[in-house]
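Q: Mind walking through this model with me? Let's start with the overall picture and then move on to single residues.

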Amino acid sequence: MAANPLVESELAARPVVWTIAGSDSGGGAGIQADLLTLHDLGCHGCSVITAITAQNSVAVTAVEPVSPAMLAAQLEALKADLYPAAVKIGLIANQAQLEFLAQWLGDNLPGVPVILDPVMVASCGDELQHAASRAQGAATVSTLDFSGLDFSAFAGRATLITPNVTEVARLVSGIAVPYAGESIGEEAESDCTRWRLAVRAVARHFGVSLLAKGGDARWQTQHASDLLLLSDIGNISTLYRGGEFYLESPRVDTANNHGSGCTLSSAIAAFMAKGMVLPDAVMMAKAYVYEGLKASFQPGSGPGPLARTGTPASLSSLPKVRWVKEPSAKLTKSADDMPAGPFPALPRDLGVYPVVSDVALLQTLLEAGAKTIQLRIKTDTPDSPDDAALEAAIVRAIALGKQYQARLFINDHWQLAIKHGAFGVHLGQEDADSAALERIVAAGLALGLSSHGVFEARLALELKPSYLALGHIFPTTTKTMPSPPQGLSMLTTLSRLFSKSLPTVAIGGIDGTNLTDVAATGVDNIAVVRAVTQASEPAAAYRALAAAWEARHAR
Ligand SMILES: Cc1ncc(COP(=O)(O)OP(=O)(O)O)c(N)n1
Ligand SMILES: Cc1ncsc1CCOP(=O)(O)O
Ligand SMILES: [Mg+2]
């Protein structure tokens, strides 16, 4: 496939990300792990060093915080020239630094995503404090006590906090809840429940989203399952705001996990800087750590670092998403209510896929050769048809679909689609949550599902649909969208992840001016609304798009 200048330039743009953390002379964690990660994921990493540590892969021998003036000078220097698209915070050396950073970031970087890794315990399981105090004779070491830090100054200020199991216990012990944090780790089942309650309490206390890392948990043997609590954040469907989700990856059996927590949080910052919404950035970062652990290595005699393997492109690296029903009133189904699926398989090539609200136009486009087409009649607008007119339109569209031997999808109205024997149904994730999917499976209809990013696409895959729509790619006036446009770089990422598993369909703002760029992302198909509905000659517009797609799209 020929190189595409637009895609290339999007990929080449390196957003600035700051890491505020400690230096690890051993190169496995801290600033060094963060800068490797940020570079590997296409960002320009800047560093604000909070402390210098002397360490190798087996011991920390000295730790020295930077002075308050030096900390402030680094921040001011970067603010003056290298303003960040996202910030990651790792090791903070003392309470004074912590209070200063929380205040400074709030005052100086409003609206910039801040990923806070509340470092108290190293990923190898040794408490940094204990490791440091083993360094006999180092005057600075005894003054540091990372486990005693009170992170409350970040309440409402961080975007996401990423504690591990021990850090959750420490964080919750400072909060008045009926939970004894220190006793996590006794019995598998009750530990897991207690952990979840503790995680909720911590998230509530800080009033932000929280990713509780379960990798160290004793009750997890097969999987590394993290718990993601989304606060009421914008830029995602209301369906998922306030939701709780387990993100489950296979456990990688390696001792070389030094710096995995640092890598995870800096990868989340990198993906957010690249424009991903929070849950997508978390999914991709977890996949990145999984791949890094699988290729980890051991340069010294102790635990080695993760490899840096670039933006994940394999579906098997993405965590599975299982959602927890009770606290999220908006989601009515739980992970256990999955339908019997799979829905009928479709060929990868669906042809250019017009989405129209008018049956006469539908017929025109079928005559022009459309082989996949959708009738999308919304019933929540003032000019909506009444029930009888809606049903009549659907009956007529289904008959036309059969006459022209096309795959005719009915948007939203799945009961009428079943009743009248449509080829398929297209549903958004909100629609799918409320629809009786098992009835659609039983009736043998194909199912297309919408998605708006990695998180939603991975969730949709659990339902084993016939195709997966990826949207919206460019700004659109056809529909009000809760999330930002994905853009071409994200479409490339999504196509690499999902196109091998089922046909993908890009939608949103696609027309003749950008079709070549869209084809270069590797997505299987395109769906269009205005490009045909607003054309002076829709049939000619459809034929031109179909010919251009046929010519450009590498099969
Ligand atoms: C092919 C295709 N992709 C996406 C959509 C959007 O469906 P949904 O998210 O349910 O939004 P509405 O179309 O119902 O407003 C679609 N219809 N077709
Ligand atoms: C229904 C829908 N879902 C995601 S984008 C979109 C509208 C796409 O319309 P257009 O092709 O006119 O931008
Ligand atoms: Mg819908």
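Q: What percentage of the contacts with a separation of 6 or more comes from residues 24 or more positions apart?
A: 69% of those contacts in the chain. Contact means heavy atoms within 4.5 Å.

Q: Ground rules?
A: This is a predicted model, where local features need pLDDT of at least 70, side-chain atom pairs count only at pLDDT 80 or more, and totals for chains, interfaces and linings use all residues. Residues are numbered from 1 along each chain as its sequence is written, chains are lettered from A and ligands numbered from 1 in the order written, and side-chain values use heavy atoms, with hydrogens and water left out.

Q: How many helices and strands in the chain?
A: 19 helices and 18 strands. These are DSSP runs numbered from the N terminus: H or I of at least four residues for helices, E of at least two for strands.

Q: And what share of the residues is buried?
A: Buried residues make up 58% of the 555 in the chain. The cut-offs are under 20% relative accessible area for buried, over 50% for exposed, and partly exposed in between (1.4 Å probe, protein chains only).

Q: How much accessible surface does the chain have?
A: About 21,900 Å². Carbon and sulfur atoms hold 53% of that. The areas are Shrake-Rupley values with a 1.4 Å probe; for residues, only the protein chains shown count as cover.

Q: Switching to empty space. How many cavities of 30 Å³ or more?
A: Two. A cavity is a set of points on a 1 Å grid over the protein atoms alone where a 1.4 Å probe fits but cannot get out; a pocket is an open set with protein on both sides within 12 Å along at least five of seven lines, and lining residues have an atom within 4 Å of a point.

Q: What's the space in the second largest cavity?
A: About 70 Å³. Volume here is the space filled by probe spheres set on the points, which are joined across faces, edges and corners.

Q: Which residues line the second largest cavity?
A: Asn 235, Ile 236, Ser 237, Tyr 240, Val 277, Pro 279, Asp 280, His 452, Phe 455, Glu 456 and Ser 483. Helices α9 (278-294) and α15 (454-461) each give at least two residues to that lining. Domain 1 (16-323) and domain 2 (330-553) each supply at least three. Those bounds come from an automatic or database domain assignment.

Q: And the pocket? How much space lies in the second largest one?
A: About 710 Å³. It has 39 lining residues; Arg 376, Ser 450, Lys 479, Met 481 and Ile 507 are the closest to its centre. Elements giving two or more residues to the lining include β11 (353-356), β14 (424-427), β15 (446-451), β17 (504-507) and α18 (530-533).

Q: Which element gives the largest share of that lining?
A: α13, with three residues.

Q: Now a few residues. Where does Ile 161 lie?
A: In strand β6 (residues 160-161). Ile 161 counts as buried because its relative accessibility is 1%. Leaving out residues up to four places away in sequence, Ile 161 touches Leu 116, Pro 118, Phe 206, Val 208, Ser 209, Leu 210 and Leu 211.

Q: Why is α6 (residues 165-173) largely enclosed by the rest of the structure?
A: Because seven of its nine residues are buried. Among the buried residues of α6 are Glu 167 and Arg 170.

Q: What about Leu 375, buried or exposed?
A: Buried, at 2% relative accessibility. Leu 375 sits in strand β12 (residues 372-375). Beyond four places in sequence, its contacts include Val 356, Leu 362, Ile 394, Leu 408 and Ile 410.

Q: Backbone next. Which residues does the cis peptide bond join?
A: Gly 471 and His 472, with omega about -20 degrees. His 472 is in the loop between β16 and α16 (487-498).

Q: What's phi for Asp 412?
A: Near 70 degrees, positive in a residue other than glycine. Asp 412 is in the loop between β13 (407-411) and α12 (414-419). At 17% relative accessibility, Asp 412 counts as buried.

Q: And what's phi for Lys 464?
A: About 50 degrees, a positive value although Lys 464 is not a glycine. Lys 464 lies in the loop between α15 and β16. With a relative accessible area of 45%, Lys 464 is partly exposed.
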